[in-house]
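User: I'm new to this one. Could you show me the structure and explain how the labels are earned?

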Amino acid sequence: MSELLSNKEAATQAVVDFMTKKAKTKSKFYFNDFQDIFPDDKLRDIKKVVNSLVTDGVLEYWSSGSTTMYGLKGSGKQHSSEGEA
Amino acid sequence: MAKHETPLLDQLESGPWPSFVSDMKQQAEVRAKNEAGIEFQIPQDAVEDLLGVLELSYKHGRTHWKHGGIVGVFGYGGGVIGRYCDQPKLFPGVEHFHTIRVAQPCGKYYKTDYLRGLTKIWDLRGSGITNMHGATGDIILLGTTTPQIEEIFYELTHNMNQDLGGSGSNLRTPADCLGSSRCEYACYDSNALCHFMTNNYQDELHRPAFPYKFKFKFDACPNGCVASIARSDMSFIGTWRDAIKIDQDAVNKYVENNAAYPPNAGAHKGKDWGPFNIEKEVVELCPTKCMKFENKTLKIDNSNCTRCMHCINTMPRALKIGDDRGLSILVGAKAPIVDGAQMGSLLVPFVEVNPDNDYEAITSVIENIWDWWMEEGKNRERLGELIMRQGFQKLLEVTGIDAQPQHVAYPRTNPYIFWKEDEVTGGWERDVVEYRKHHLR
């Protein structure tokens, strides 16, 4: 596991910075987008950290039913506005 | 008096088959009367509004449901599918109408008190409408509101020891046939393997990190009662390596049309098909022509048998599956979203099914495939599409499986063969001086 990924605080900040930087164009991200933040790590290791960020309330899942994406908690479309432009 | 006029839905009830519209109307009436005195936690008229929005969708020729959402239970990335109506003022009862997937028990064995417990929760906290079962096999609970989701999850897990199923980019709820619990054709205990896989891969079921959905299905014999070969990314089909066991006396009882030996175990009774004819109904229908019946003796060339099960199904008292049993693993089946539908391709012709070492031979294949697919799969690309894109040979490389005759689906169409250095004796390096000793410039 890379130094960045093994440091929870730094990893969290890197994820938040990455998502915030792209917030103008998109609010939901596929799992493999995280590979851009942690290019030297295995996806299974990235998964553990990213899912712990959901548990910590930093990120949230968005699911269509068939596909799941990740977003910063509270960003983008929320409950009642789902499906609106 | 129904809350909404539904002439188009009413027409659907006129056919000869059971109608979901009738079921929904019945449920709407039960909720309206509420003879059980339930303190409904979602709108009492939810089912009436569901009928109303469906009628409107038929009228307009388009859906009035919004797609997806962030709803779920804490820590889980699957099991709940957000559904919202885009006409909440007309149909307030279905403004939120989320779906919950509940993992079905292996083999779909239920006790009545379990079903009562489930419907009790669902009548109180949801619409009461269920789908037993969804396409993946889950118990589907249709329609509840956001505040009820955690409540339902708590009651399912704490009072019923019941987990949610899979949805989204997760491993989906593994599904299996009845297997050796009921069936003499079972080549392995599909219930035990399905249960093990469900527990072993909990993290993959609940915490999404795959490019898309991934499905396991378990058929304990090649009859394929759960159609795993067509319905799952990884299909586990029971098989055997030795000979089909033949009871020649019983074969002759079938040939003599003995009433105690009805063909197909009597499954096609009710119509006069004429006397049983072993040549026409068994020998000539063998896909590899590996059987013959001469001098009252049935012979099978087992080396050419493809385990199609036809002869065993037709004469079950005379023919039995072999004793050296295991399973075959097929990969890549999918529905026709991208590139058309695909059946599974054979990857592992035979592997042992050994619970004593936690099915190590099977799990190692699974995890190698997942590592490859997670690394190389594009977003929303199924395993079968990745195999098509990068080639079956690449799949063999990542799983460390040697190419075998059983992998060949049809003769080669590409005239070129590209060897890799490690496949050629001596590699690409050569001693030019040594070469020139034997070959002049």
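Analyst: Let's begin with pLDDT, the predictor's confidence in each residue, from 0 to 100. This is a predicted model, where local features need pLDDT of at least 70, side-chain atom pairs count only at pLDDT 80 or more, and totals for chains, interfaces and linings use all residues. Residues are numbered from 1 along each chain as its sequence is written, while chains are lettered from A and ligands numbered from 1 in the order in which they are written.

User: Where in chain A is confidence lowest and highest?

Analyst: Helix H1 (residues 3-6) of chain A is lowest at a mean of 89, and strand S2 (residues 68-72) of chain A is highest at 93. Helices (H or I, at least four residues) and strands (E, at least two) are DSSP runs, numbered from the N terminus.

User: Why are S7(B) and S8(B) called paired?

Analyst: Pairing takes at least two DSSP bridges between two strands. Strand S7 (residues 175-176) of chain B has 2 bridges to S8(B), so they pair, and they run parallel. One of the partnerships links Asp176(B) with Phe218(B).

User: What makes S8(B) pair with S9(B)?

Analyst: Here 4 bridges join S8(B) to strand S9 (residues 234-240) of chain B, so the pairing rule is met; these run parallel too. Phe216(B) stands opposite Met234(B) in S9(B).

User: What covers the idea that both faces of S8(B) are covered?

Analyst: Phe216(B) and Phe218(B) on one side, and Lys217(B) and Asp219(B) on the other, are all buried. Buried means 20 or more other C-beta atoms within 10 Å of a residue's own, placed from the backbone (exposed: 12 or fewer; partly exposed: in between).
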